[in-house]
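Trainee: Could you take a close look at the ligand site for me, and then place it beside the sheets? Which residues are around the ligand?

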Amino acid sequence: MRMVDIIIKKKENKELTREEISFFVKGFTNGSIPDYQASALAMAICFNGMNKKEIGILTDEMLHSGDTIDLSSIEGKKVDKHSTGGVGDKTSLVLGPLVASCGVKLAKMSGRGLGHTGGTLDKLESIPGVTIDIEKDRFFKQVNDIGIAIVGQTGSLVPCDKKLYALRDVTGTVNSIPLIASSIMSKKLASGSDTILLDVKFGSGAFMKDLDSARELARTMVDIGDELNRDTRAILTDMNQPLGLAIGNSLEVIEAINTLNGHGPSDLVELCVSAGAIMLVQAGRVKTIEEGKELLEENINNKSALNKLCEMVEAQGGDASYIKDPSKFEKAKYIIDVKSNKDGYIKEINALEIGEAAMKLGAGRATKEDIIDFATGIVLEKKVGSKVNKGDTLCKVYSNKEHVESILLEVVESFKITNEELKTLPIIYEIVE
Ligand code: URA
């Protein structure tokens with residue numbers, strides 16, 4: 001078999017066989033197929049797509065390109081969730097402790113952020129002392145003992161995706177439903193949980209720009225999960241503005257703590273409670289979503305979810321006094337009010353633009369080597385639908401650099417203001433199962 005023939009076949013929009021897909025995945029993983037041929041195939045897939053059968057085979061082959069995790073030594077149902085990435089997305093920090101406080105196990109492997117989207121691991125590491133490098137036996141023991149651990153993904157899990165994703169990032173081939181779906185699902189399936197909930201975001205700050213393409217991606221991933229006998233469901237959620245109010249690592253941790261204290265922004269609360277309720281149904285902990293929501297709200301009110309976050313932070317070497325008293329987090333040197341230059345209603349807070357501005361302040365990485373400044377970022381004072389007058393504060397910028405004038409300009413421009421009165425946006429549009 002020759003790689004060039006496989007590339008030509010996909011270029012001619014023909015269906016690839018299991019043997020051909022397996023030849024590519026094995027050869028690319030072991031280095032016998034060079035990057036330039038893998039890039040050419042990725043580009044052909046971007047243009048011509050793959051059918052359901054090909055996507056299932058690609059996922060299965062990628063999933064078996066390295067180690068898979070066997071969570072059977074952890075008692076009870078293990079749930080997992082994955083977000084396709086957004087700005088201000090601190091959901092895992094709220095949702096994880098929430099579902100674990102209801103007795104459902106979460107053994108989660110997370111990622112770091114790159115570009116305008118932040119990663120859960122970076123946010124967790126902004127809590128002094130927390131480590132995400134935990135070896136397997138300690139990871140399993142922590143989940144058995146306290147019901148939750150959020151750690152970094154091991155290098156041996158889906159090595160094919162690690163190489164392919166890095167290549168796609170620099171060859172303009174990220175945005176393809178077969179490639180995104182197989183990349184996400186191979187990692188989720190290799191991580192060994194019994195159930196998977198996917199939060200597929202759409203809008204300016206997401207891979208999927210509109211509801212239809214988010215629905216197609218969600219359907220593709222749920223079908224892959226069904227095919228491989230894993231209870232997989234998805235929610236389609238809005239990313240036409242950042243989630244919640246805070247963007248930036250310790251700022252987002254503080255918002256997650258406030259949410260677990262019962263003072264979260266309404267979109268974040270709704271997303272966490274609704275997603276958590278689906279996860280409880282998937283785990284068989286409750287029968288209905290309504291019952292799940294009630295239980296989760298109770299565990300916010302009685303602080304058991306907040307206590308679960310403290311337990312997790314302590315188990316991972318962190319200082320839980322920061323969770324009990326978030327005013328201990330180091331503050332940025334400069335806190336600057338960004339004001340509206342006109343009257344009107346906020347139509348959009350472009351998540352891509354404001355996410356990039358936060359990254360430039362130090363809250364994210366432009367390249368993998370960049371070091372994050374945990375205290376920096378942006379906290380919104382207004383959301384889509386808010387009425388503003390000229391001179392009102394739109395948000396506060398947290399910076400350790402004194403001169404950030406050009407970034408402030410980008411922040412103001414990410415707020416799109418109109419004269420028409422607008423409704424607030426819903427957060428969850430659909431559930432796909
Ligand atoms: N996240 C992933 O893990 N893979 C993709 O292809 C896109 C987003």
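Mentor: A polar contact is a pair of N or O atoms within 3.5 Å; within protein, one atom must be able to donate a hydrogen and the other to accept it, and residues adjacent in sequence count only if both atoms are side-chain atoms. The model is predicted, so local features need pLDDT of at least 70 and side-chain atom pairs count only at pLDDT 80 or more, while totals for chains, interfaces and linings use all residues. Residues are numbered from 1 along each chain as its sequence is written, and side-chain values use heavy atoms, with hydrogens and water left out.

Around the ligand (one heavy atom of the residue within 4 Å of it) are Tyr 165, Arg 168, Ile 180, Ser 183, Ile 184, Lys 187 and Phe 207. By class, this shell holds 4 nonpolar, 1 polar and 2 charged residues, where Ala, Val, Leu, Ile, Met, Phe, Trp, Tyr, Cys and Pro count as nonpolar, Asp, Glu, Lys and Arg as charged, and the others, Gly among them, as polar. A side-chain N or O atom of Arg 168 is 2.9 Å from an oxygen atom of the ligand; for Ser 183, the side-chain N or O atom is 2.6 Å from a nitrogen atom of the ligand, and for Lys 187 the distance to a ligand oxygen atom is 2.5 Å. The ligand exposes 240 Å² when taken alone, and the protein buries 92% of that, with accessible areas from the Shrake-Rupley method with a 1.4 Å probe; for residues, only the protein chains shown count as cover. Two or more residues of the shell are given by each of helix H8 (159-171) and helix H9 (177-190), and H9 supplies the largest share, 4 residues; helices (H or I, at least four residues) and strands (E, at least two) are DSSP runs numbered from the N terminus.

As for the sheets, one open sheet has 3 strands in the order E10-E8-E12 with antiparallel pairing, where strands pair if DSSP finds at least two bridges between them. Strand E10 (387-388) and strand E12 (415-418) stand at its edges with a single partner strand each, so one side of each is left without a neighbour in the sheet. Strand E8 (residues 344-349) is joined to E10 by 2 bridges, and Gly 344 stands opposite Val 388 in E10. Another open sheet, of 4 strands, has the order E6-E9-E11-E7, also with antiparallel pairing.
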